[in-house]
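Subject: Structure for your review

Dear colleague,

Please find below the structure I am handing over to you. I would be grateful if you could read the notes beneath with the structure open beside them.

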Amino acid sequence: MRFSEIESHLHKFRAGIAGAGGLGSNCAVALARSGIGSLVIADFDVIEPANLNRQYYFTDQTGRLKTDALKENIARINPSVKVITHNIKLDEKNIPDVFAGCDVIVEAFDRNDMKEMLIETILSEMPGIPVVIGSGLAGFGNNETIRSRKIDDTLYVCGDESTTAGDDLPPMAPRVGIVANMQANTVIDILMNKK
Amino acid sequence: MKILLNNREEEFEGETMSVTRMLELKKFSFRMRIIKLNGTLIPKEKYDTVIISNGDNVQMLYLMSGG
């Protein structure tokens, strides 16, 4: 299949991005470059200098809302992507509204209690919508431990499923980028198999 | 009883067990996780009461911080 055909197929779909940090910003950019039709991006945070070791932002964007900056960056890469932003903290109540109409949702939070909340909410309130999770990406090296697996048609996980990010095991661009791009790759696979 | 645990066949004693019992037997102590039984999400409040039987398909994944 030619890229033009892939791009025009992907253009029919909408993906949700829950969190615009390391996973979300890099995954959104990969999907935008691939020709996704629209992205719904939700985050409440502002860009800090410490984010620039892995997140798809620039030094002159520090202090700005991640949703605004990411929308701007995506427009510079592929202006045909429609980007809908929600500058809010996601919770059990607003998730179904924020991501209504999405064909697939990318879990891109930092904290694992937020990951759990999002997954439980989508599986129970939005049945049938696939969720692509990022779990385990801290540190550097160990390429071979990062994997992707399908639990079932609505649940996919990318990452090593074992490392926890912390002061002595920081999240860094390479491994975060690998997992974010695996998530984007999974989203593309799901959408290419959808009519 | 035989069950499918993360796509691998595993054998346990007895005819049934709760989700909590399976976690004890497998020494799965990390608490941030998602468990699906035959495709249905099991909320953690129900780990004591939901029963796993012969032939069931159990899927579990760990949620690690970092993103």
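The notes below take up chain B, its contact with chain A, and the nonpolar core.

Please bear in mind that this is a predicted model.

Chain B: overall form

Chain B contains 1 helix and 7 strands. Along the sequence, these elements occur in the pattern β-β-β-α-β-β-β-β. The C-alpha atoms of chain B occupy a box of roughly 40 × 25 × 20 Å along the principal axes. The radius of gyration of chain B is 12 Å, which agrees with the value near 11 Å that a compact globule of 67 residues would have. Of those 67 residues, 21% count as buried. Among contacts in chain B with a separation of 6 or more, 62% join residues that are 24 or more positions apart.

Chain B: the sheet

How are the strands of the open sheet in chain B ordered? The sheet has 5 strands in the order 2-1-7-4-5, and the pairing is mixed. Its edges are formed by strand 2 (8-11) and strand 5 (40-41) of chain B, each of which pairs on one side only. Strand 1 (residues 2-5) of chain B runs parallel to strand 7 of chain B, and 2 bridges link the pair. Within strand 7 of chain B, Val58(B) is the residue that stands opposite Leu5(B).

The contact between the chains

Chain A contributes 30 residues to the contact and chain B contributes 14 residues. On the side of chain B that touches chain A, the elements giving two or more residues are strand 4 (33-37) and strand 7 (57-62) of chain B. Strand 7 of chain B gives the most, with 3 residues. By character, the residues on this side of chain B comprise 8 nonpolar, 5 polar and 1 charged. Strand 7 of chain B thus appears both in the sheet order and on the side that touches chain A.

The nonpolar core

In soluble globular proteins, nonpolar side chains tend to be buried together. In this model, the largest nonpolar core has 67 residues. Those that touch the most other members are Ala15(A), Ile17(A), Cys27(A), Ala28(A), Leu31(A) and Leu39(A). Helix 6 (residues 173-192) of chain A gives the most to this core, with 8 residues. Leaving aside residues up to four places away in sequence, Ile17(A) touches Gly24(A), Cys27(A), Ala28(A), Leu39(A), Val40(A), Ile41(A), Val106(A) and Ala108(A).

With kind regards

Note on methods
Residues numbered from 1 in each chain as written. Chains lettered and ligands numbered in written order. Predicted model: local features only at pLDDT ≥ 70, side-chain atom pairs only at ≥ 80, totals over all residues. Contact = placed C-beta atoms within 7 Å. Helix = DSSP H or I, 4+ residues; strand = E, 2+ residues; numbered from the N terminus. Nonpolar A, V, L, I, M, F, W, Y, C, P; charged D, E, K, R; others polar. Rg over C-alpha atoms; globule rule 2.2 N^0.38 Å. Buried ≥ 20, exposed ≤ 12 C-beta atoms within 10 Å, placed from the backbone. Pairing = 2+ DSSP bridges. Core = buried A, V, L, I, M, F, W, Y, C linked by C-beta atoms within 7 Å.
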